[in-house]
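This briefing concerns the ligand and the residues around it. The notes that follow are grouped by topic, for reading alongside the sequence and the structure.

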Amino acid sequence: MMKAKLETEVSKYMSYVLRHAPDAAGLTLDSEGWVSFDELEKVLASKYDVSRADIIEIVDNNPKKRFTLADGRIRANQGHSVDVDLALNQVEPPAALFHGTSLTNWHSIEREGLKKMQRHHVHLSADVETAKIVAARRKGEHIILRVDAARMFSEGHSFFVSDNGVWLAESVPIQYLSLDAGTP
Ligand code: HQG
């Protein structure tokens, strides 16, 4: 059993490498974001005191299922800033989706809608609770935005869902956004 602190640290580094900076670890992702598990294992074992079994445990225990390990390859399920195409299928979203952010962002969001910023998509959740958790990572006061996903979808916008259940969109124009009633 690994210490929880080590597990979190390795998991964060895995997210960093697999989403943002494969180069920093001397890794090259394929066009869909996959890298050989053997290669990642070498990188992690040279930096941390972890075995192959430990790394598999980190993948399996990850609370948000951030990684998929299959056929000797591993990738991050969402959140990339490097140029990968996850080849996700378009899906019809639930009627409403949610996004949590800081109040200070609202002034520009209300002018330009939600933009994907450094990532490939705007990240949305099907439940308010998840949006609150995302918002809580931001400083200051928070807001929860409700996305009228049903109308957005019916008006031609595409939605995707990552393998770990994060809802993704290219952008959310302002006409589909409202402040959720649950906003403090
Ligand atoms: C904001 C975590 C001003 C947006 C979570 C957010 C998530 C605007 C920030 C995942 C804006 C981007 C992603 C606009 C958007 N003006 N601010 N027009 N449009 N923003 O980190 O959604 O733990 O790229 O509100 O669970 O915060 O990493 O996105 O505050 O799923 O697996 O710009 O990260 O997952 O920040 O978080 P991010 P996010 P992991």
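A polar contact here is a pair of N or O atoms within 3.5 Å. The model is predicted, and the distances and areas below are computed from it.

**Polar contacts with the ligand**
- A polar atom in the side chain of Lys 64 is placed 2.3 Å from an oxygen atom of the ligand, and Lys 64 is also listed with Arg 19, His 99, Thr 101 and Ser 108 as the residues that come nearest, out of the 19 around the ligand.
- The side chain of Asn 105 has an N or O atom 3.5 Å from an oxygen atom of the ligand.
- Lys 115 takes part through its backbone, where a polar atom lies 2.9 Å from a nitrogen atom of the ligand.

**Cover and pocket**
- On its own the ligand has 780 Å² of accessible area, of which the protein covers 88%.
- The ligand takes up the space of the largest pocket.

**Make-up of the shell**
- Strand S4 (96–102) and helix H4 (103–112) are the elements that give two or more residues to the shell around the ligand, and H4 gives the most, with four residues.
- Sorted by class, the shell holds eight charged, seven polar and four nonpolar residues.
- Both domain 1 (4–76) and domain 2 (96–179) contribute to the shell around the ligand, with at least three residues from each.

Terms used:
Residues are numbered from 1 along each chain as its sequence is written. This is a predicted model: local features need pLDDT of at least 70, side-chain atom pairs count only at pLDDT 80 or more; totals for chains, interfaces and linings use all residues. Side-chain values use heavy atoms; hydrogens and water are left out. A residue is near a molecule or strand if one of its heavy atoms lies within 4 Å of it. A polar contact is a pair of N or O atoms within 3.5 Å; within protein, one must be able to donate a hydrogen and the other to accept it, and residues adjacent in sequence count only if both atoms are side-chain atoms. Accessible areas come from the Shrake-Rupley method with a 1.4 Å probe; for residues, only the protein chains shown count as cover. On a 1 Å grid over the protein atoms alone, a cavity is a set of points where a 1.4 Å probe fits but cannot get out, and a pocket is an open set with protein on both sides within 12 Å along at least five of seven lines; lining residues have an atom within 4 Å of a point. A molecule sits in a cavity or pocket if more than half of its atoms lie within 2 Å of its grid points. Ala, Val, Leu, Ile, Met, Phe, Trp, Tyr, Cys and Pro count as nonpolar, Asp, Glu, Lys and Arg as charged, and the others, Gly among them, as polar. Domain bounds come from an automatic or database domain assignment.
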